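Subject: Structure handover and findings

Hello,

Here is the structure I promised to pass on. My notes follow below it.

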Amino acid sequence: RGVLLSPARRGPKERKVTMGIGELFLVGLSLSMDAFAVSICKGLSVRRLKLSHAVLCGVYFGGFQALMPTLGYFLGGTFSGLIQDVGYWLAFILLALIGANMVRESFGETESLNDDFSPKAMLPLAVATSIDALAVGVAFVDVSIGPAAGLIGVTTFVCSAIGVKIGAVFGAKFRALAERAGGIVLILIGLKTLLDGLGVLG
């Protein structure tokens with residue numbers, strides 16, 4: 001009999017797929033929920049929805065949801081623990097600040113919504129909503145990371161694009177109230193991410 005390598009000693013070619021497409025899709029769907037909610041919030045700020053808005057959200061959120069598990073997979077337990085510890089706090093701070101700003105603007109006399117889809121606006125959101133995917137990548141010891149990360153990214157892309165459309169529809173009808181609710185949602189997502197990272201929620 002050959003020597004059975006431990007997960008930490010297995011090379012990239014020795015790792016085998018142990019999850020089916022259906023299971024990976026469910027993982028991707030669960031990971032995409034934060035990005036979906038944030039995309040709705042971005043959609044609230046759009047006065048006239050364009051295809052580029054949905055595509056940009058999909059690319060940023062889907063791209064980072066694919067990148068983070070890949071990083072976690074190759075980093076393993078060496079640096080990922082430290083990154084995750086810092087990442088949970090970073091996600092909380094970023095989402096809380098952005099959410100608080102949305103709530104503040106919703107009470108303004110004049111509406112000046114942040115409809116910025118530039119890298120400066122999108123990168124913090126993409127990083128903050130993909131921290132959990134890093135931990136998932138660490139757990140993907142016996143999974144072929146290429147197809148897994150690709151499926152997660154595509155799933156998040158689709159959910160994010162749909163989220164922008166939903167946000168734009170509700171934002172057009174109930175803009176101030178919807179933006180206020182969106183800001184609260186972002187704060188709650190940040191708090192949930194932090195509590196998950198601290199082990200408070202199990």
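Which residues does threonine 156 touch, not counting those up to four places away in sequence? They are Gly28, Ser32, Ala35, Phe61, Gly62 and Gln65. Keep in mind throughout that this is a predicted model.

**Overall make-up**

The chain has seven helices and zero strands. From the N terminus on, the order is α-α-α-α-α-α-α. The chain has 202 residues, and 43% of them are buried. Take the contacts with a separation of 6 or more: 91% of them join residues 24 or more positions apart. About 10700 Å² of the chain is exposed. Carbon and sulfur atoms supply 69% of that area.

**Helix α6 and its buried residues**

Back to threonine 156, which is found in helix α6. Threonine 156 has a relative accessible area of 0%, so it counts as buried. Glycine 28 is one of its contacts. In sequence, threonine 156 and glycine 28 are 128 residues apart. In space, their C-alpha atoms are 6.8 Å apart.

Glycine 153 is also in helix α6. Is glycine 153 buried or exposed? It is buried, with a relative accessible area of 8%. Leaving aside neighbours within four places in sequence, glycine 153 is in contact with Gly62 and Ala66. Gly62 is also among the residues that threonine 156 touches. The C-alpha atoms of glycine 153 and phenylalanine 64 are separated by 7.5 Å. Along the chain, those two residues are 89 apart.

**The nonpolar core**

The largest nonpolar core has 35 residues. Those with the most contacts inside it are Val38, Cys57, Phe61, Leu95, Met122, Phe140 and Leu186. Which helices each supply at least two residues of this core? They are α1 (21-44), α2, α3 (80-106), α4 (119-128), α5, α6 and α7 (175-198). Helix α1 gives the most, with eight residues.

Leu186 is worth a look on your screen. Outside its neighbours within four places in sequence, leucine 186 is in contact with Val38, Cys41, Leu95, Ile98, Gly99 and Met102. Val38 and Leu95 also appear among the core residues with the most contacts.

**One-sided helices**

Two helices show how burial is arranged around an axis. In α4, the buried residues are Ala121, Met122, Leu125, Ala126 and Ala128. They line one face of the helix, because they fall within an arc of 165° seen down the axis of α4. In helix α5 (residues 131-139), the buried residues are Ile131, Ala133, Leu134 and Gly137. Their arc around the axis is only 155°, so they sit on the same side of α5.

**The surface**

What makes up the nonpolar surface patch of about 610 Å²? The residues are Leu51, Val55, Val59, Val154, Phe157, Val158 and Ile162. Two elements give two or more residues each: α2 (51-75) and α6 (145-173). The largest share, four residues, comes from α6. Leucine 51 belongs to helix α2. With a relative accessible area of 68%, leucine 51 is exposed.

Phenylalanine 74 is found in helix α2 too. Phenylalanine 74 is exposed, at a relative accessible area of 53%. Its C-alpha atom is separated from that of valine 138 by 7.7 Å. The two are 64 residues apart along the chain.

**The salt bridge**

How many salt bridges are there? The count comes to one. It joins the side chains of aspartate 196 and lysine 192, at 3.2 Å from N to O. These residues are four apart in helix α7, so about one helical turn separates them. An α-helix has 3.6 residues a turn, so residues three or four places apart point the same way. Both partners are partly exposed: aspartate 196 has a relative accessible area of 26%, and lysine 192 has one of 40%.

Best wishes

Key
Residues numbered from 1 in each chain as written. Predicted model: local features only at pLDDT ≥ 70, side-chain atom pairs only at ≥ 80, totals over all residues. Heavy atoms only, no water. Patch = residues over 30% accessible without salt bridge, like charges linked within 9 Å, V, L, I, M, F, W, Y side chains within 5 Å. Areas by Shrake-Rupley, 256 points an atom, 1.4 Å probe, with all protein chains shown as cover. Salt bridge = Lys/Arg side-chain N within 4 Å of Asp/Glu carboxyl O. Buried < 20%, exposed > 50% of the residue type's maximum accessible area, 1.4 Å probe, protein only. Arc of directions from axis to C-beta. Core = buried A, V, L, I, M, F, W, Y, C linked by side-chain atoms within 4.5 Å. Contact = heavy atoms within 4.5 Å.
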